[in-house]
Amino acid sequence: MNKVILIGRLVADPELRYTPSGAAVCNFRIAVDRPFNSQSGEREADFIDIVVWNKSAENVAKYMSKGRQIAVDGRLQIRSYEGNDGQRRWRTEVVADRVEFLGGGNGGGGNNGGYAQPQHNESIAQPAPRAANNNDALGSFGTEVSFSDEDLPF
């Protein structure tokens with residue numbers, strides 16, 4: 001099974017592009033706090049690249065901006081390519097199946113980067129039908145799950 005569920009904040013504004021066939025693809029990076037402090041007592045974060053496609057990609061680019069909190073449900077993908085110097089390079093990213101907008105930007109201050117903000121944790125991607133799974137970390141997709149800034153460590 002290849003399943004990733006993350007909650008974090010956008011490190012920069014998302015980048016929207018279109019493939020030659022017209023499919024929208026949006027790339028962005030989120031900071032996800034680690035559940036422990038470093039040896040020096042400071043909180044550390046992992047910076048994770050996310051890719052989202054089609055209508056969800058357009059919605060992320062339209063409504064999300066640096067500092068905004070987002071939940072991502074998807075799969076881990078590792079791909080290789082040849083760099084300009086001829087060396088083989090590897091890229092690890094999460095391909096999002098479902099993205100949900102959470103609290104306001106910049107620490108919950110409500111800064112939405114000049115974009116219209118969706119109402120009440122609006123989900124922007126509908127999952128494919130699947131059997132109910134009681135072990136799902138975020139609950140079944142048919143159940144509304146809400147988070148507040150106080151529930152998260154960052």
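## Leu76 and the nonpolar patch

Leu76 lies in strand β5, in a model that is predicted. The residue counts as partly exposed because its relative accessibility is 37%, between the 20% limit for buried and the 50% limit for exposed. Together with Ile78 and Trp90, Leu76 makes up a nonpolar patch on the surface. The accessible area of these three residues together is about 360 Å².

## Strand β1 and its partners

Strand β5, which spans residues 69-82, runs antiparallel to β1 and is joined to β1 by 6 bridges. Within this pairing, Ile5 is found opposite Asp73 of β5. Strand β1 also runs antiparallel to β3, with 2 bridges between them. Here Arg9 has Ala31 in β3 as its bridge partner.

How much of β1 is covered? The strand covers residues 4-10, and 6 of its 7 residues are buried, so β1 is mostly covered.

## The β2-β3 hairpin

Strand β2, residues 15-18, is antiparallel to β3, and 4 bridges join the two. One bridge partner in β3 is Val25, which stands against Arg17. The hairpin formed by β2 and β3 has 5 residues between the strands. In this hairpin Gly22 adopts a positive phi, near 95°.

## Helix α1

Helix α1 runs over residues 54-63. Which of its residues are buried? They are Ser56, Ala57, Asn59, Val60, Ala61 and Tyr63. The elements that cover these buried residues include β2, β3, β4 and β6.

## Salt bridges around Asp49

The whole structure contains 9 salt bridges. A network of them links Arg29, Asp49, Arg79, Arg91 and Glu93. Within the network, the side chains of Arg29 and Asp49 form a salt bridge with an N to O distance of 2.7 Å. This pair connects distant parts of the chain: Arg29 belongs to strand β3 (residues 24-37) and Asp49 to strand β4 (residues 43-53), with their positions 20 residues apart in numbering.

Asp49 also meets the side chain of Arg91 in a salt bridge, at 3.2 Å from N to O. Again distant parts of the chain are linked, since Arg91 is in strand β6 (residues 88-101) and Asp49 is in β4, 42 residues apart.

Are the members of these two pairs buried or partly exposed? Asp49 has a relative accessibility of 15% and therefore counts as buried, the cut-off being under 20%. Arg29, at 38%, counts as partly exposed. Arg91 is likewise partly exposed, with a relative accessible area of 29%. The acid is thus buried, while its two arginine partners are partly exposed.

## The Arg98-Glu100 pair

A further salt bridge is formed by Arg98 and Glu100, whose closest N and O atoms are 3.1 Å apart. Arg98 is buried, as its relative accessible area is 14%. Glu100 is buried as well, with a value of 11%. In this pair, then, the base and the acid both fall under the 20% limit for buried residues.

Technical notes: Residues are numbered from 1 along each chain as its sequence is written. This is a predicted model: local features need pLDDT of at least 70, side-chain atom pairs count only at pLDDT 80 or more; totals for chains, interfaces and linings use all residues. Side-chain values use heavy atoms; hydrogens and water are left out. A salt bridge is a side-chain nitrogen of Lys or Arg within 4 Å of a carboxyl oxygen of Asp or Glu. Buried means under 20% relative accessible area, exposed over 50%, partly exposed in between (1.4 Å probe, protein chains only). Two strands pair if DSSP finds at least two bridges between them. Contact means heavy atoms within 4.5 Å. Patches are made of residues with over 30% relative accessible area and no salt bridge: like charges are joined within 9 Å, nonpolar side chains (Val, Leu, Ile, Met, Phe, Trp, Tyr) within 5 Å. Accessible areas come from the Shrake-Rupley method with a 1.4 Å probe; for residues, only the protein chains shown count as cover.
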